[in-house]
Structures are given as structure tokens and as C-alpha cells.
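Me: I want to learn how to read the salt bridges, the chain contact and the backbone of a model. Please take me through one.

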Amino acid sequence: MDRQATIATLAATCTRLRRDILEMITHAGSGHPGGSLSAVDLIETLYSKHLRQGAQRANDPTRDRFVLSKGHGVPALYAVLAHHGYFSRDLLPTLRKLGSPLQGHPVVGTVPGIEACTGSLGQGLSVAVGMALGARLDGNGARVWCMMGDGEIQEGQVWEAMMSASKYRLDNLVAIVDSNKAQIDGLVKDVMPLESIEEKARSFGWLTTRIDGHHYGHILDAYEWAEKAEGAPKLIVADTIKGKGVSFMESELVKWHGVATNKEQLEKALAELDPEVLGS
Amino acid sequence: MSEQKPKASRQAFGEALAELGAKHTDLVVLDADLAKSTKSELFAKKFPERFFEMGIAEQNMVGVAAGLGLAGKNAFCCSFACFVAGRFETIKISVAYSGGNVKIVGTHAGVGIGPDGYSQMGLEDLALMRTLPTMEVYQPADELETRQIVEYLATHRGAGYLRLTRQDLTPVHGPAYKFVPGKLDVLAEGKDVAILATGGPTFHAVDARKKLAAVGIDAAVINVPSIKPFDRDGIATWATKVPLFVSVEDHNVLGGMGGAVAEVLAEVAGARARLHRHGIPDVFGESGEPEDLYRKFKLDADGIVAVVREQLGR
């Protein structure tokens with residue numbers, strides 16, 4: 001598939017995934033739409049083009065692994081995993097329901113493709129460091145990808161993990177910051193300012209790049225860079241928009257962190273998410 | 001009684017781990033700038049490629065151990081009990097909830113660490129660790145038991161907590177001893193009282209039994225190496241055989257081994273035994289020599305004798 005076709009496919013797929021995410025959360029009556037919609041382009045591009053695993057090898061010890069450290073964004077991951085056949089799409093409406101494998105935050109062993117329990121923020125990168133060390137010990141060439149939120153990296157453990165990844169020169173580790181600029185209590189810059197994330201990471205010994213996290217060409221380029229760059233762990237800071245694709249969410253970033261859409265809002269959102277109309 | 005000399009369980013742990021490393025190639029060990037103290041350095045020297053020095057950053061160490069466990073390794077993650085168990089939230093989510101194959105090793109447990117004082121004393125780690133589903137919790141009483149528990153943990157798939165001492169422990173087991181997870185270890189039978197001891201004070205409880213015999217009190221001494229899984233049936237059985245249990249531990253009396261005994265006793269029908277929980281009585285520790293602290297908190301033989309006599313009124 002040539003690049004233009006790849007991008008067109010990603011755009012159409014992600015629009016459908018956005019619909020899945022909002023339907024799931026609306027049905028659940030709770031969840032985190034903003035951070036799921038900001039992350040979905042990054043996650044789908046990873047699974048469709050770069051992550052060396054799949055539904056048939058979800059337990060292969062030599063697989064690449066993806067750790068969603070910002071666990072509240074898991075509706076995006078569930079939508080992507082279902083799309084790629086890790087489990088039946090019929091499960092999606094059970095999100096957050098009693099007895100469902102689709103827990104409100106990721107839980108290992110519930111459905112194939114979930115690699116770590118996360119949701120207590122700031123822990124995923126440490127786990128990813130351990131997985132990357134394990135892959136190196138086994139010499140299997142596997143890569144570990146870890147997505148964090150920008151608010152999440154206020155947790156000190158993230159910077160401990162960055163130190164350790166740098167010490168062990170884990171060039172099989174890629175961290176992605178879904179920088180959607182908002183957290184529960186307000187904008188990240190007001191709650192606890194972080195910029196420049198790349199400068200901080202570079203001072204910790206990481207290689208970094210910054211991209212538009214909704215531009216599929218940028219994402220593909222960044223992932224290709226991350227796979228090739230050697231000698232140090234890699235960080236991709238992706239500028240994203242909380243609630244991307246839904247105008248009433250994009251205009252109220254903070255509000256839509258952890259509030260579920262109701263049926264009326266869902267209809268309004270779905271009207272804007274037409275899979276026949278391709279995005280960027 | 002074996003011919004072995006007193007040895008700290010941390011030392012026995014380090015030696016056992018270094019020996020097991022050759023046979024168990026999935027073993028990896030992490031430490032947080034305390035490898036010389038926890039004795040994980042013995043493994044590090046033999047298997048440097050499988051040892052990870054993580055610096056003074058325990059929560060990351062715990063998380064990295066979880067990742068190694070999820071990647072198929074059996075990760076031993078070592079520090080003082082207070083520091084490593086203190087990273088509870090990371091242990092809870094990244095290790096226990098994730099089903100990670102991680103063994104949290106907390107050395108220098110209890111007031112037995114001595115002069116460093118309360119900030120370095122793990123006195124609540126048992127209470128924390130035993131509330132985590134899937135987490136197994138063990139505390140050996142001497143070198144032989146330590147070696148057997150470490151060997152068990154080197155093959156066990158899942159999460160575990162191992163609580164060890166800084167101070168030397170006098171052996172309480174003969175060479176034929178066989179550790180069984182989830183079982184009480186009866187060191188001596190008796191009918192007047194059962195002293196249930198775990199970890200550092202256990203050999204003192206053995207000495208206390210002799211001193212109690214001299215004043216006509218027939219005490220059973222039961223070592224409790226397995227805090228979780230816990231031998232509910234064993235406790236229930238003994239509760240029909242003696243009128244009094246005295247639990248003895250170098251840990252806060254709240255939530256530790258004595259707490260586990262209390263939970264079982266409250267649920268046992270027809271139990272005859274009343275329980276007295278003896279340990280650190282919900283106060284902070286302090287600086288001092290380990291033997292002085294054991295004397296102060298009545299965890300030495302004379303102290304245990306005094307507590308038992310007081311409880312029996314004899």
C-alpha cells in the first residue's frame with residue numbers, strides 16, 4: 001500500500017474507532033472520552049503499521065509490546081484491539097459493566113492484547129523499562145512502546161523510569177506522550193506546568209521528537225524514526241487535542257476528561273464523525 | 001537443633017539466590033543502592049548480566065521488576081522492608097494486579113535493624129502485603145528455612161513477599177526440616193500455651209519455652225513462616241488443644257501475623273484458645289542496639305516468658 005493509501009485508510013479507520021469509543025462510553029454511562037479521542041490516531045497507527053504482534057500472536061514471547069500507561073484512555077485501545085481481531089466487537093458494549101472483561105482501566109488477562117494493569121498513573125513506563133530489559137536479555141529484538149498522558153508525567157516515578165531507561169541505553173523502548181494539554185482539575189500548564197517535555201527528556205538522556213499527534217504522516221515518520229534511532233530510548237511528544245473530532249469536546253478540553261456523553265450528545269458527535277468523509 | 005551457626009536471614013537469602021541463579025536462568029535481581037546490605041550483591045557478582053542496580057528509586061525498581069516478570073522473568077526486587085513495601089501502590093497495581101512474576105524482598109525488617117531507628121524499620125509491611133490478592137507472604141526463622149523459602153520462590157510463578165532480618169538468627173530447625181507453604185511449623189508440643197512466633201523472635205521463643213518449663217509451664221512453640229497463605233486449619237486445631245495463644249512478632253501488632261491469627265480465631269467454632277497479640281504495640285520504633293530493643297519490647301526470651309506468665313497468671 002502506498003503512503004497516501006495508508007493515510008487514507010488510517011483516517012477512515014480512526015473515524016470509525018472514534019464512533020466505537022463514544023458509543024462504548026455512552027453505553028457505559030461513564031469513562032474518559034477526551035483522552036481516548038486524543039490518543040486513538042497514535043494507537044491505531046502503531047497497531048496497524050508498526051507493532052510487531054497481532055491477534056494470532058498476542059502471547060508470543062517475542063512480540064512487541066504496548067503498555068497504555070494512561071489507563072483511562074483504554075476505550076481507544078479496546079476499540080483498536082477489537083478492530084484488529086484480538087476479541088469480538090460484540091464485547092465493546094459491555095465496557096465497565098459488571099462481569100465484563102472490558103474493565104474501566106486495563107487489566108492483564110481479561111482480553112488478549114492488554115500487557116499491564118495501569119490506571120494508577122505514572123507506573124507504565126517503569127513496567128515498559130522492565131519489558132525492554134527482558135527482551136534484551138532474551139535477545140529477541142522485541143520493542144516496547146509505552147503511551148503516557150502529559151498530565152501523567154507529573155508523577156515522579158516517570159522520571160525515575162526515564163533515568164533507568166537511559167542508564168541501560170534501552171533503544172528498544174519508545175515512549176509516546178499524548179500531550180492533550182488538559183487534566184481533571186484544569187489545563188496542564190495551570191495544574192503543574194511541564195514544558196518543555198522534550199528538553200527535560202533530553203537532559204535525562206533520551207532522544208526526542210515532537211509531532212502533530214493527529215497527522216498520520218507525522219505519526220508514521222516518528223514511529224519509523226523511533227524504530228531506527230539507536231543508542232538511547234526514544235520519546236515522541238505528540239501534540240493532540242482532547243476530544244479530537246468532536247467539536248463540542250474540542251472547545252471544552254477540561255470538561256470532557258472524565259464525563260460520558262449522553263445519547264443526545266452521542267448523536268451530535270456521530271453526525272460529525274462520518275467515515276465516508278476522510279480526515280487529514 | 002542443627003550444627004549451623006547463627007546467621008542473618010538476609011545473608012542466607014543472598015547465598016541461596018546466588019546458588020539458585022545457575023539452575024534458574026530466568027532469575028533476575030534488582031536492588032536500590034542497598035545490594036551490600038540486602039546481600040543481593042552475592043547474586044550480582046556471579047550473574048552481573050542478570051542483576052540490575054536501579055539506584056535510590058524504589059518505586060521504579062518495583063515497576064521495572066513487574067515488567068521483567070511480565071516479560072517472562074522471575075524478578076527478585078530487594079531493599080529494606082520499609083522502603084520496598086513502602087512503594088505499596090506500585091506493588092499493588094504493577095505487580096499484584098498485573099499478576100507479575102515478582103518477589104519483593106524486604107530485609108532489615110522490624111526493630112531488629114537497631115541503631116538506624118524508626119525511619120528504617122519495616123513495622124507495617126506484613127499488614128500491607130497480606131491485603132493484596134495473589135501476594136504470598138513469607139518470613140523465615142533461620143538459615144535453613146530461608147534457603148528453602150528462597151528455593152520455593154525461585155520456582156513459584158506469581159507475586160511474593162519475603163521478609164528478612166538484619167540480625168543473626170539462631171537455628172531452630174534440624175537438617176531434616178522441610179518447609180511447606182501455608183503450613184504451621186510446630187517446633188515443640190505443649191499444653192498450657194502455644195507461642196506462635198515468626199521471623200526474628202522465633203529462636204527467643206524456643207529459649208523462652210525452656211525457661212517456662214523451669215517454672216512448670218508447658219509451652220508449645222509454633223513457627224509461622226507462611227503468613228499468606230495462612231494455615232487456618234492448623235490454627236483451628238491448635239485452638240482446641242490449648243487455652244492460650246501468644247503471638248510473637250517484630251512487627252506492629254496491628255495487621256501482622258497476630259492479626260492473621262485473630263481473624264481466624266474469631267471465625268473458629270468451639271475454639272478454646274484466647275489470643276494475646278504480642279509485638280510492637282502500635283508505637284514507633286527507636287534507635288538502639290537490636291538486643292536492647294528486643295529487651296525493651298519484650299521480644300527476647302525473658303520478655304516472652306514475662307508476657308506468657310502474665311497472660312497465664314502464673
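**Reading the contacts**

Reply: Start with a network: salt bridges link K181(A), E195(A), E198(A), R210(A) and D239(A). A salt bridge here is a side-chain nitrogen of Lys or Arg within 4 Å of a carboxyl oxygen of Asp or Glu.

Me: What should I know about the model and its numbering?

Reply: This is a predicted model: local features need pLDDT of at least 70, side-chain atom pairs count only at pLDDT 80 or more, and totals for chains, interfaces and linings use all residues. Residues are numbered from 1 along each chain as its sequence is written, chains are lettered from A and ligands numbered from 1 in the order in which they are written, and side-chain values use heavy atoms, with hydrogens and water left out.

Me: How many salt bridges does the structure hold over all chains?

Reply: The total is 34. Take E19(B) and R147(B), whose closest N and O atoms are 3.3 Å apart. This pair links distant parts of the chain: E19(B) is in helix α1 (residues 9-23) of chain B and R147(B) is in helix α8 (residues 143-155) of chain B, 128 residues apart. Helices (H or I, at least four residues) and strands (E, at least two) are DSSP runs, numbered from the N terminus.

Me: Is E19(B) buried or exposed?

Reply: Use the relative accessible area: buried is under 20%, exposed over 50%, partly exposed in between (1.4 Å probe, protein chains only). E19(B) counts as exposed because its relative accessibility is 51%.

Me: Which parts does the pair D192(B) and R314(B) tie together?

Reply: D192(B) and R314(B) form a salt bridge, with the closest N and O atoms 3.7 Å apart. D192(B) lies in the loop between β9 (185-188) and β10 (193-198) of chain B, and R314(B) in the segment after α13 (301-312) of chain B, so the pair ties together parts 122 residues apart in sequence. D192(B) counts as buried at 15%. R314(B) counts as partly exposed at 44%.

Me: Now the interface. How many residues does each chain give to the contact?

Reply: Contact means heavy atoms within 4.5 Å. Chain A gives 26 residues and chain B gives 24 residues. Buried area is the accessible area (1.4 Å probe) that two parts lose on being put together, summed over both. Between chain A and chain B it is about 2000 Å², with 58% from carbon and sulfur atoms. On the chain A side, C117(A), L137(A) and E160(A) lose the most area to chain B, together 25% of what that side buries.

Me: Which side chains meet in a salt bridge across it?

Reply: The rule finds 1 salt bridge across this interface. D138(A) meets K73(B) at 2.4 Å, N to O. On the side of chain A that touches chain B, the elements giving two or more residues are α4 (124-138) and α5 (156-167) of chain A. The largest share, 9 residues, comes from α4(A).

Me: Last, the backbone. Where is a peptide bond cis?

Reply: The bond from E195(A) to S196(A) is cis, with omega near 0 degrees. S196(A) sits in the loop between α6 (188-191) and α7 (197-203) of chain A. Another cis bond runs from K228(B) to P229(B), with omega near 5 degrees.

Me: Which residue has a positive phi although it is not a glycine?

Reply: One of them is R169(A), at about 45 degrees. R169(A) counts as exposed, at 55% relative accessibility.
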